[in-house]
Amino acid sequence: MGALGTGSALAGLAGAAIQATDEDAAGATPRQDDGPLLRDLPQVSSRAGRLDHTLAMATTSTVVGGRRLRLDTYNNGLPGEVLRIRPGDRVRILLRNQMVPTGLLPSCDERDKDRNHSDCLPRAQGLPDVDELRKETFATNIHVHGLQVSPGGRSDNMDIRVDPGNSFQYVYDVPKDQPAGLHWYHPHHHGSTTHQAWSGLSGPLIVEGDIDRVPEIAAMRERTVVVSSLRVDANGENPTDFMLPAGDDEGYDALPGVKAERLYPLNGQLRPVARIQPGETQRWRVLNAVPHRELWLRIEGHTLHWIGADGIPFDRTRPVPAIMLAPGNRAEFVVRGGKPGRYRIEAAAYHPGGSRADRPALRLGTLEVTGRQATGRIPDRLVAPRRMPDLPVARHRTITVARDNSGHHGPGPRFLINGRLFDMNRIDVEAEAGTVEEWRFVNEDGYQHPMHIHINPFQIVGAKGVPRGDTSWYTDPGIWWDTHRLPPHGELTVRTYFRPDAPGKTVFHCHVLPHEDHGTMANLLIRPPCRSCHGENN
């Protein structure tokens with residue numbers, strides 16, 4: 001298959017695919033297992049061009065769905081606070097690591113090596129020892145996912161490490177042309193990202209700007225919704241075990257096989273209820289902070305009027321029946337209240353293609369349409385589109401993602417980039433700031449690997465191998481992304497512009513975090529523009 005065409009054409013296909021499930025929505029009835037009213041997250045806003053804030057990562061007792069859990073949080077919140085900033089702001093975040101190891105198991109005694117261990121950590125070639133595991137699991141840092149800031153120094157530097165008991169002062173200078181939309185902050189220390197994400201460590205970061213001044217948008221109620229995934233054992237703790245990448249659709253396995261369940265809260269609440277009046281329009285900003293699975297997001301009986309993806313607003317509204325969110329993706333849309341009743345908010349059932357297992361529908365919450373009739377308006381035109389600079393393509397690259405089942409790199413499969421596991425001391429790709437490049441991502445695996453490039457968003461200019469009948473692929477080149485799935489045994493060609501003001505070392509990786517933690521990441525060195533290299537600034 002070639003490029004897939006415009007978003008409007010795909011919206012029609014997607015509507016045909018799930019229309020039958022929308023027909024019966026008007027008769028929806030109350031459900032006994034509905035949770036509380038969906039809460040708004042606390043917010044911290046910049047003032048006079050500055051935001052100074054402290055994020056304390058600490059092990060906290062919290063209640064989710066009536067069950068007391070002991071998880072790691074930002075400032076005792078699940079998820080973290082909404083940080084609201086503007087283009088051109090200086091953001092200072094003091095990160096304090098106050099986490100205490102939880103969910104620990106003892107090391108297996110070598111004399112018992114022949115028994116089937118489920119209550120201790122085994123010793124095996126390719127796995128860290130227990131002390132090293134515990135040390136690495138609770139080291140951390142911050143990635144401001146979506147901000148187009150420097151990747152070096154005290155900014156969005158992935159080499160920073162903050163161990164328990166230590167702190168680090170981050171300073172981000174947000175560019176004046178930073179797009180307005182939903183971004184987020186989360187841990188990104190290589191090796192501990194998955195564990196900390198399954199504790200719910202994430203928080204929204206909103207940049208205010210041009211789209212917020214569209215009159216219809218400005219008049220709406222705004223909801224920011226974080227979809228998390230919590231992994232908890234019988235004690236209500238996130239097990240500290242050997243997390244392995246896997247070839248199944250959950251994207252992970254563990255040693256030992258600790259019995260644990262996964263909860264999928266919205267803003268820290270299980271199956272909450274969001275209220276809207278008939279005819280009222282609300283602006284929703286939704287983040288998929290789940291570290292291991294995509295969400296085919298829909299609201300039963302309601303069209304989603306899509307206005308932005310991955311923190312970059314559209315030039316026009318795109319009505320769709322559902323929006324696909326890979327791990328790390330964000331979607332902003334308008335929903336208009338329909339007939340009075342209660343409607344499922346869910347990740348719809350989804351088949352990811354190839355030989356992969358079906359994803360069953362996952363109920364996330366309820367939309368309750370109630371109250372007096374309102375007359376909300378949905379805009380058609382939004383903001384001036386973000387344009388790719390009119391520059392020749394400086395370089396074409398091929399990036400290959402593949403699975404290695406050989407066991408040479410340790411237990412379980414590994415997922416490699418260009419045949420290599422991640423090495424933080426190796427530069428894998430060098431590019432020049434101020435240039436445009438095209439990257440052809442080739443997926444040699446049957447898993448949909450969502451690839452994320454730090455700092456610099458991209459447009460899709462070609463696709464091959466999209467599963468037949470799968471209407472969740474939006475490859476309109478007018479949409480900008482910072483994270484997008486690769487088709488199984490297919491490819492995507494993306495075009496990106498490396499900002500001239502953000503040179504330095506950064507990374508790109510699969511955003512299925514159990515894959516990233518075990519090798520599916522590469523270092524990208526963005527060299528300063530040539531005029532700077534040659535001393536030609538003046």
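In this predicted model, the face of Phe-314 carries a charged neighbour: Arg-318 lies over it, at 4.8 Å from the ring centre. Phe-314 also belongs to an aromatic cluster, which it forms with Trp-306, Tyr-474 and Trp-481. A similar theme turns up at Phe-168, where Arg-154 sits over the ring face at 4.9 Å from the ring centre.

The search of the whole structure returned 11 aromatic pairs. In one pair, Phe-168 and Tyr-170, the ring centres are 4.9 Å apart and the planes meet at 70 degrees; since angles over 60 degrees count as edge-to-face, the pair falls in that class. Both partners lie under the 20% limit for burial: Phe-168 is buried because its relative accessible area is 18%, and Tyr-170 is buried with a value of 0%.

Trp-306 leads on to the largest nonpolar core, which holds 73 residues; Trp-306 is among the members that touch the most others, together with Trp-284, Phe-333, Leu-367, Trp-439, Phe-441 and Phe-508. Leaving aside neighbours within four places in sequence, the contacts of Phe-333 include Trp-284, Trp-306, Leu-297, Ile-299 and Ile-323, as well as Gln-282, Arg-283 and His-305. Apart from this core lies another, of 25 residues, including Tyr-74, Val-174, Tyr-185 and Leu-201.

As for confidence, the chain averages a pLDDT of 88, with 86% of the residues scoring at least 70. Residues 1-29 fall below 50, yet this stretch has 48 contacts in the model beyond near neighbours in sequence. Residues 532-538 are also below 50, and here the corresponding number of contacts is four. Where pLDDT is low, predicted coordinates are best not read in detail.

Notes: Residues numbered from 1 in each chain as written. Predicted model: local features only at pLDDT ≥ 70, side-chain atom pairs only at ≥ 80, totals over all residues. Heavy atoms only, no water. pLDDT = per-residue confidence, 0-100. Contact = heavy atoms within 4.5 Å. Core = buried A, V, L, I, M, F, W, Y, C linked by side-chain atoms within 4.5 Å. Buried < 20%, exposed > 50% of the residue type's maximum accessible area, 1.4 Å probe, protein only. Phe/Tyr/Trp six-rings, centres within 6.5 Å; stacked < 30°, edge-to-face > 60°. Lys NZ or Arg CZ within 6 Å of the ring centre and 35° of its normal.
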